[in-house]
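Work through three short exercises on the model below. Try each task before you read its solution.

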Amino acid sequence: MQDINHQVSKALVEQNPKHMLFVLEDLSDIRNVTECVRTRYRYVSVSWSFYDLEQKLIYKAKQNQSSVIKVDPRYTSQCCPICGHTEKSNRNKKIHLFSCRNCGYKSNDDRIGAMNLYRMGINYLADSQVPNTVVAE
């Protein structure tokens, strides 16, 4: 697994320009979520070393003058990137389909998650550009 993580993190950093912001879901509690997975499928669910990939990406990104942030993963695949409507039934996990109950937008649920992570990264960058000054009237 470590070799795969090395290859993935290297490709991500090398195929993007310097000063890139990588946005990851904070999967610190992913093992707790998989406890409800049937035992015979559990190994596949938890065998990927998220922490190892994160650490390798942080190390390589820093060498490339890039950054990595972790964001709350809740609702990233249930929130419509078009209208912002969030509902559990927007996502059909079995067929990997997102269908907004509000505006009707449809796409792959993993793509929706990626679009929402992208938006979170944009918001992070925009918030970090706001000066910390108080305007007196």
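Three exercises with solutions follow. This is a predicted model, where local features need pLDDT of at least 70, side-chain atom pairs count only at pLDDT 80 or more, and totals for chains, interfaces and linings use all residues. Residues are numbered from 1 along each chain as its sequence is written, and side-chain values use heavy atoms, with hydrogens and water left out.

**Exercise 1.** Classify Leu-12 as buried, partly exposed or exposed.

Solution.
- Locate Leu-12: helix α1, residues 2–14. Helices are DSSP runs of H or I, at least four residues, numbered from the N terminus.
- Take its relative accessible area, 35%.
- Apply the cut-offs: buried is under 20%, exposed is over 50%, partly exposed is in between (1.4 Å probe, protein chains only).
- Leu-12 is therefore partly exposed.

**Exercise 2.** Find how many disulfides the structure holds, then check Cys-79 and Cys-83.

Solution.
- A disulfide needs two cysteine sulfur atoms within 2.5 Å.
- The structure holds zero.
- For Cys-79, the nearest cysteine sulfur belongs to Cys-80, 7.0 Å away.
- For Cys-83, the nearest is that of Cys-100, at 3.6 Å.
- Cys-79 is buried at 11% relative accessibility; Cys-83 is partly exposed at 34%.

**Exercise 3.** Describe the surroundings of Ser-107.

Solution.
- Ser-107 lies in strand β5, residues 106–108. Strands are DSSP runs of E, at least two residues.
- Ser-107 is buried, at 11% relative accessibility.
- Leaving out residues up to four places away in sequence, Ser-107 touches His-96, Leu-97, Phe-98 and Ile-112. Contact means heavy atoms within 4.5 Å.
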